[in-house]
Amino acid sequence: MNAGIIGIGKYVPEKIVTNEDLEKILDTSDEWIRTRTGIEARRIAADNEDTSDLAYKAAVAAIDNAGISAEQIGLILVATVTPDQAFPTVACQIQEALGAKNAAAMDISAACAGFMYGLITAKQFVEGGSYDYILVVGVEKLSKIVDWEDRNTAVLFGDGASAAIVSKVSEGRGILSFELGADGTGGKYLCLDERNAIAMNGREVFKFAVRQMGESAMNVVEKAGYNKEDVDYLIPHQANIRIMEAARERLGLPEEKMSKTIHKYGNTSAASIGISLVDDLEDGKIKEDDLIVLVGFGGGLTWGAVALRWGK
Ligand code: UT7
């Protein structure tokens with residue numbers, strides 16, 4: 001028996017900030033941002049909209065999509081590096097808001113790989129028989145930790161949330177294999193600095209990401225007993241189109257078989273893979289029984305990937 005995703009939802013804030021908007025406040029250009037990153041716009045949360053508000057809306061959508069009630073959830077895992085506060089956790093805040101009174105709740109901190117860490121943790125608890133339904137949320141309000149005067153980072157990030165309900169699925173479907181990893185020696189390349197703002201060595205993170213995304217994607221395909229030719233669809237963490245393309249080329253997939261939502265939302269960190277999954281399902285890019293690879297990397301450094309047979 002495998003655990004799989006039986007419901008999914010997302011929420012992105014209403015406010016759209018385009019590259020042209022950023023040209024007005026930073027020494028940058030739409031051309032630079034598009035060609036170096038693939039980003040055209042990002043969503044930015046309102047002042048009175050915090051991480052838990054975004055998480056709650058995505059969670060409601062996922063619960064509804066799964067056709068379960070909040071009381072059936074046994075565990076809530078929220079992946080975020082931008083919680084409203086250190087504690088209570090976002091997981092506890094949304095447990096209350098959802099009325100998920102039977103759920104244990106905790107936040108997971110693994111930066112942009114957080115959704116993968118959440119999904120893979122949920123898989124263990126479902127397959128071990130501890131919980132029937134687990135809510136996994138990936139959510140960030142990165143706009144509150146971005147230094148809006150630093151063009152190296154300010155153009156990259158956006159706010160958003162995605163959520164999945166993980167439960168038992170039928171034979172042959174669900175999460176077939178996974179890989180998780182971390183390399184604390186690279187922590188210095190992407191971190192919160194003394195001002196509580198994102199500080200990044202873009203080139204070092206880029207090099208790591210290109211190598212790791214391709215390797216992890218290949219590893220989960222092989223661990224699941226498949227060849228790269230068997231993969232139907234790839235959802236890489238939406239950090240930079242050039243990093244994503246490197247992972248796609250490693251799997252030898254054509255362009256249309258890779259998720260691309262970065263142009264609309266920028267890098268939403270822990271939320272990005274789930275947001276892509278929702279949009280791609282809506283657009284009919286993923287079909288029942290497709291073999292999908294999800295792969296992410298982030299600050300820490302951290303990474304994670306799964307091979308997933310789509311369907312309940
Ligand atoms: O979820 C994980 C989060 N982090 C990442 O995924 C980041 C991974 N790294 C990257 O995506 C890329 O390294 C960046 C997009 C951050 C930068 O792209 P790059 O091709 O590595 O550019 P670079 O850092 O080598 O900079 C090239 C030039 C520099 O100017 P000089 O020194 O050549 O004169 C930068 O100062 O581009 C300049 N630059 C900009 N110019 C216009 C840097 N940021 C900007 C900007 N607008 N926003």
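Helices (H or I, at least four residues) and strands (E, at least two) are DSSP runs, numbered from the N terminus. The model is predicted: local features need pLDDT of at least 70, side-chain atom pairs count only at pLDDT 80 or more, and totals for chains, interfaces and linings use all residues. Residues are numbered from 1 along each chain as its sequence is written, and side-chain values use heavy atoms, without hydrogens and water.

**Exercise 1.** Locate glutamate 40 and state which residues it is in contact with, leaving aside neighbours within four places in sequence.

*Solution.*
Step 1. Glutamate 40 sits in the loop between helix 2 (30–37) and strand 3 (41–43).
Step 2. Contact means heavy atoms within 4.5 Å. With those neighbours left aside, the contacts of glutamate 40 are Thr18, Asn19, Arg34 and His263.
Step 3. The side chains of glutamate 40 and arginine 34 make a polar contact (3.5 Å). Such a contact is a pair of N or O atoms within 3.5 Å; within protein, one must be able to donate a hydrogen and the other to accept it, and residues adjacent in sequence count only if both atoms are side-chain atoms.

**Exercise 2.** Describe the open sheet with the order 8-13-12-11 and find its edges.

*Solution.*
Step 1. Four strands form this sheet, and the pairing is mixed. Two strands pair if DSSP finds at least two bridges between them.
Step 2. Strand 8 (174–182) and strand 11 (233–236) each have a single partner strand, so one side of each lacks a neighbour in the sheet.
Step 3. Strand 11 pairs with strand 12 (residues 291–298) in the parallel sense over four bridges. Leucine 234 has valine 293 in strand 12 as its bridge partner.
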